[in-house]
Amino acid sequence: MFEAITRLFNKPEAMLSNHDPKLAVAVLLVHLAAVDGQMKDEERNAIKTALADHYDMDETAVDKLVREAALRDAEAVDFYKFTSGLTQLDMEDRIEIVRMMWMVVFSDKQNHELEDNMVWRIAELIGVSSRDRTILRNQVGKAEKA
């Protein structure tokens, strides 16, 4: 209990809000990469590339975001606080989030069932249809295998 109170009062002031789409997406990608028990270098690199490209961030900013995301992921009990704000984004942005998730899944040339299940759950939570999710899986899977 003392540790929890200490963490509460020692949090850096510049921490991002759970409602910041960049942080929410980063948390989901970090969790996805580790959902099968280990985060491989290919997955870590895919996360950084996806975030840098989508949000036009430099390497330092991406590294900081990924570190913060890992902390938030370790403290999280569910995905709701990260996905609830993402439902307010345009459909194009939500589809791009699912695309980024598939990029992470296929970055190690494998599609673990836990990863597949997590993408399905997140897509449902943010309002991306099963059809769009499946099309994206096929597109990204083929591109990564090529």
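Which hand does the crossing have where H2 passes H4? Right-handed. Keep in mind that this is a predicted model.

Let me stay with that pair. The axes of H2 and H4 come within 8 Å. They cross at roughly 70°. The two helices are therefore roughly perpendicular to each other, since angles of 65 to 115 degrees fall in that class.

Now the contact itself. From H2 we have Lys22, Leu23, Ala26, Val27, Val30 and His31. H4 answers with Leu65, Val66, Glu68, Ala69, Ala70, Arg72 and Asp73. By type, the contact of H2 with H4 divides into eight nonpolar residues, one polar and four charged.

Next pair: H3 and H4. H3 covers residues 41–55, and H4 covers residues 59–75. Here the axes come within 10 Å, and the crossing angle is roughly 120°. That makes H3 and H4 oblique to each other, because the perpendicular class runs from 65 to 115 degrees. This crossing is right-handed too. Who makes the contact? On H3, the residues are Ile47, Lys48, Leu51 and Ala52. On H4, they are Val62, Asp63, Leu65 and Val66. The split is six nonpolar, two charged and no polar. Note that Leu65 and Val66 of H4 also appear in the contact with H2.

On to the core. The largest nonpolar core has 38 residues. Which members touch the most others? Leu29, Ile47, Leu51, Val98, Met101 and Trp102. Six helices each supply at least two residues of this core: H2, H3, H4, H6, H7 and H8. H2, residues 21–34, gives the largest share, with ten residues.

Take leucine 29 as one example. Leaving out residues up to four places away in sequence, Leu29 touches Ile47, Leu51, Met100, Met101 and Val104. Ile47 and Leu51 are also in the contact of H3 with H4.

Last topic: backbone. Two residues to look at. Aspartate 56 sits in the loop between H3 and H4. Its phi is near 50°, a positive value in a residue other than glycine. Buried or exposed? Aspartate 56 counts as exposed, because its relative accessibility is 73% and the cut-off is over 50%.

The other is lysine 109. Lysine 109 lies in the loop between H6 and H7. Phi is positive here as well, about 65°, although lysine 109 is not a glycine. With a relative accessible area of 53%, lysine 109 is exposed.

Key
Residues are numbered from 1 along each chain as its sequence is written. This is a predicted model: local features need pLDDT of at least 70, side-chain atom pairs count only at pLDDT 80 or more; totals for chains, interfaces and linings use all residues. Side-chain values use heavy atoms; hydrogens and water are left out. Axes are lines fitted to C-alpha atoms, for helices over the stretch in contact, and angles run from 0 to 180 degrees between N-to-C directions. Helices (H or I, at least four residues) and strands (E, at least two) are DSSP runs, numbered from the N terminus. Angles under 35 degrees count as roughly parallel, over 145 as roughly antiparallel, 65 to 115 as roughly perpendicular and the rest as oblique. A crossing is left-handed if the near helix is turned anticlockwise from the far one by less than a right angle, and right-handed if clockwise. Contact means heavy atoms within 4.5 Å. Ala, Val, Leu, Ile, Met, Phe, Trp, Tyr, Cys and Pro count as nonpolar, Asp, Glu, Lys and Arg as charged, and the others, Gly among them, as polar. A nonpolar core is a set of buried Ala, Val, Leu, Ile, Met, Phe, Trp, Tyr and Cys residues joined through side-chain atoms within 4.5 Å. Buried means under 20% relative accessible area, exposed over 50%, partly exposed in between (1.4 Å probe, protein chains only).
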